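Grab the model and work through these exercises. Each one comes with a solution to check yourself against.

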Amino acid sequence: MLRDRWDSRTAFVLASIGSAIGLGNVWRFPYVCYANGGGAFLLAYLVALFIAGIPLLILEFGLGHKMNGSAPQSFFKVKKSYEWMGWMAILVGFFIVCYYAIIMSYCFNYGIAAVTQAWGNNPQEYFDKLTGITSGPFEMGSIRGPVIMGLLLSWIAIVLCIWKGAKTVGKVVYFTVLIPWFLLIVFVVRGVTLPGAIQGLNYYLTPDFSKLLEPQVWLAAFTQVFFSFSIGFGVMIAYGSFLPRDSDIVNNAFIIGLCDAGTAFLGGLAVFGALGYHSFITGKPVEAVVSAGPGLVFVTYPAIISNLPFWQPLFGVLFFLMLLTLAIDSAFSLVEGVAAGVQDKWKLSHRTVNISVALLAFGLAIPLTFGGGLHWLDIVDRFMTQFGLISIVLIECLVIGYIYGSRKMKEYVNSQSEFSVRGWWDIFIKVVTPIVLLFLIAMEVIARVKSSYGGYPRGAEFIGGWLVVILIPVVGFILMKIKRVEA
Ligand code: PHE
């Protein structure tokens, strides 16, 4: 099959930036940072960015480009029996897009609520009302009409964006990357100038070095970097495979990585400014003003918006439009990653695959639209990222580092790049990153044996966490065994 190709280098860079920059930067990064000590986390994040984030981005682009295939296909070309590893990446991506679309649905609802001014002065209350959040995962509550409607709209939007593959994506991303950047700047300016903002910024920017001794902080930093860079989901491998033959890899990887991290940093400025403001109003310390979970941005940003001097509804709509435009290119990149994997193996049309993925993901996410759904989302996110993602990245490092040979990959990447990577790259891929990741996984296993994540009941942790994590390699293996039907 002749591969779909990007129209231009800009299209590729924007599409990759679009995939990388998403809810991860403005929704996930702030709450993970908040929950892991602010400044300390920021420092760990920077380290993770340079020793693992950028080197792996180079690896994934290089792998996809060299093998000219999606994740399963690329692993297959390294060694036939490794194909399942690529499927694992795709499956993790698939589970993530299921709940990613739920967050998009919240954004839709907030955007509408901004017009009707439904959150008024208490966004926290509005969030609870929207999600109908129950007291625990086993108390499912009722289905939330607005959430499921939002989910449906999100999926329709995603499918439309990728209707014609890389060609449409290449055009859509001009909008989905540039609009949110502009809007983010407006929010940062307002966030950091709120009364009391400085307290929040201090928490964000002053590292507490003792926190760096906690493996938890490092684990959170590494997973956040992978999540944000879209590494370990087969997405960047697929995007690398759409690159024309004479493109640049290393330079683009740096541009994409730094833009992504820069955006997360900006997102953090706005959120922590707003947290400082909350602390100022409530008189509580910054680390205790709001609960540090997936609901964080839905509480902090509305506070910024309600404090804008004028046009609050307009900015409210714009804000959630920004979140949606940021999210949509990440969501469709996930679908593209899955589609590329499926299409490399079975002769199916692009449209059929996209629509099937969308329907399946929509169906699987329905339980998350219930009152208890947010608890499940939190558990699945935790296990998918801390175990799924980290293991896949570890596998990538080992397979490319030792089986394929990091040297060989480095030479290939360099032959495709304006400037070359050197020995540091081999060291990060073969030694440093694998050791760190092994250590982090081990610590996380120990922590989970000692106590369940977030105090959730063990049963819920088992179903939403362990079971899904175990299913991934198993299903990957089954997919590998199904017969290939080539075009
Ligand atoms: N990187 C995206 C974000 O930060 C999420 C994503 C993960 C997208 C994996 C694609 C693949 O929101």
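A salt bridge here is a side-chain nitrogen of Lys or Arg within 4 Å of a carboxyl oxygen of Asp or Glu. This is a predicted model, where local features need pLDDT of at least 70 and side-chain atom pairs count only at pLDDT 80 or more, while totals for chains, interfaces and linings use all residues. Numbering runs from 1 along each chain as its sequence is written, and side-chain values use heavy atoms, with hydrogens and water left out.

**Exercise 1.** How many salt bridges does the structure hold, and which parts does the pair Glu83 and Arg484 tie together?

Step 1: the structure holds nine salt bridges.
Step 2: one of them joins Glu83 to Arg484, with 3.3 Å between the closest N and O atoms.
Step 3: Glu83 belongs to helix H5 (residues 83-116) and Arg484 to the segment after helix H18 (458-481), so this pair links parts 401 residues apart in sequence. Helices are DSSP runs (H or I, at least four residues), numbered from the N terminus.

**Exercise 2.** Which polar atoms lie close to a nitrogen atom of the ligand?

Polar contacts are pairs of N or O atoms within 3.5 Å.
Step 1: for Phe227, a backbone N or O atom sits 2.9 Å from a ligand nitrogen.
Step 2: for Ser228, a polar backbone atom is 3.0 Å from a ligand nitrogen.
Step 3: Ser230 uses a polar side-chain atom, 3.1 Å from a nitrogen of the ligand.

Conventions. A polar contact is a pair of N or O atoms within 3.5 Å; within protein, one must be able to donate a hydrogen and the other to accept it, and residues adjacent in sequence count only if both atoms are side-chain atoms. Helices (H or I, at least four residues) and strands (E, at least two) are DSSP runs, numbered from the N terminus.
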